[in-house]
Amino acid sequence: MPSQISGAQSGASGAPSGAPSGAPSGAPSPLPDPAFAAALRFNEAGLIPAVAQDWLDGAVLMVAWMNREALECSLATGEVHYWSRSRQELWHKGASSGHFQKLRGLRYDCDADVLLLSVEQVGEVACHTGARSCFYDQGPSPSGGGPGAAPPPADACTELMRVIEARRDQPEPGSYTNKLLEGGDNRILKKIGEEGAEFVMACKDGDPSEIAGEAADLVFHLQVALAHHGVGWRHVQAVLAARRGAPRRE
């Protein structure tokens with residue numbers, strides 16, 4: 001089981017959040033103690049690989065290297081620093097592009113020789129080509145990446161929302177999603193009411209499979225309503241993240 005270091009959030013740059021405009025980015029978290037680095041296994045060059053993962057949808061954005069100085073700077077500033085092997089110097093991610101990475105959390109693996117960074121990617125661009133993630137190719141030859149590159153795999157709800165938004169922007173004949181969208185609020189909200197009632201009844205019956213199935217139906221129809229109103233799933237995720245650790249309601 002990987003060890004976890006509580007996330008750092010506040011950064012020195014004051015760069016805008018990677019969350020959508022108007023979405024809360026969450027409360028600042030205390031910076032972890034850099035003394036945990038004593039548990040890590042750096043290689044013979046004093047480096048350790050670091051995987052940067054999106055803090056909301058879990059997408060892998062990039063892989064780079066850190067040395068102790070990069071790790072300490074990341075923890076001290078709340079913004080990710082790497083070590084550039086080609087330039088042989090400390091690399092403050094985003095210093096030239098403006099695409100900073102705010103450190104939200106940090107774990108290391110069971111062998112203590114790989115880091116997993118949970119980051120808030122400013123500008124939604126991690127790759128130097130302009131793509132959201134460095135992991136966009138799956139064909140026989142590399143492409144040029146860029147803003148139009150395929151998005152990285154993410155959690156199931158994010159992937160579902162992508163499909164719904166694609167149907168909205170590029171309708172397909174016979175698509176159930178398009179039939180809902182064409183019907184507007186009247187049809188969509190009616191279905192949400194029906195699915196909500198079916199979910200309630202499944203819970204009353206106590207069958208886990210039925211509950212899960214009805215919950216999935218309800219989430220789908222909620223996402224259709226969100227897409228219809230131009231509200232991204234990421235905005236919802238950001239709201240949920242901001243509520244984590246919030247004061248308890250009476």
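Which residues have the most contacts inside the largest nonpolar core? In this predicted model, they are L40, M66, L71, Y82, L106, L115 and L117, within a core of 25 residues. The elements that give two or more residues to this core are the strands β2 (48-54), β3 (60-66), β6 (101-108) and β7 (115-121), together with the helix α1 (68-77). Of these, β3 gives the most, with four residues. A second core, separate from the one just described, has 13 residues, among them M161, I164, L218 and A227.

A convenient place to look more closely is H81, found in strand β4, which covers residues 81-84. H81 has a relative accessible area of 8%, and because this is under the 20% cut-off, the residue counts as buried. Leaving aside neighbours within four places in sequence, H81 is in contact with M66, A70, C73 and S74, and also with L90, W91 and H92. One of these partners, M66, is also listed among the residues with the most contacts inside the largest core. The side chain of H81 has a polar partner as well: one of its polar atoms lies 2.9 Å from the backbone oxygen of E79.

The strand that holds H81 is part of a hairpin. β4 pairs with β5 (residues 89-92) in the antiparallel sense, over four bridges. At S84, the bridge partner in β5 is E89. Four residues lie between the two strands of the hairpin, and in this turn Q88 has a positive phi of about 55°.

Definitions and conventions: Residues numbered from 1 in each chain as written. Predicted model: local features only at pLDDT ≥ 70, side-chain atom pairs only at ≥ 80, totals over all residues. Heavy atoms only, no water. Buried < 20%, exposed > 50% of the residue type's maximum accessible area, 1.4 Å probe, protein only. Polar contact = N/O pair within 3.5 Å; in protein donor to acceptor, adjacent residues only side chain to side chain. Contact = heavy atoms within 4.5 Å. Pairing = 2+ DSSP bridges. Core = buried A, V, L, I, M, F, W, Y, C linked by side-chain atoms within 4.5 Å.
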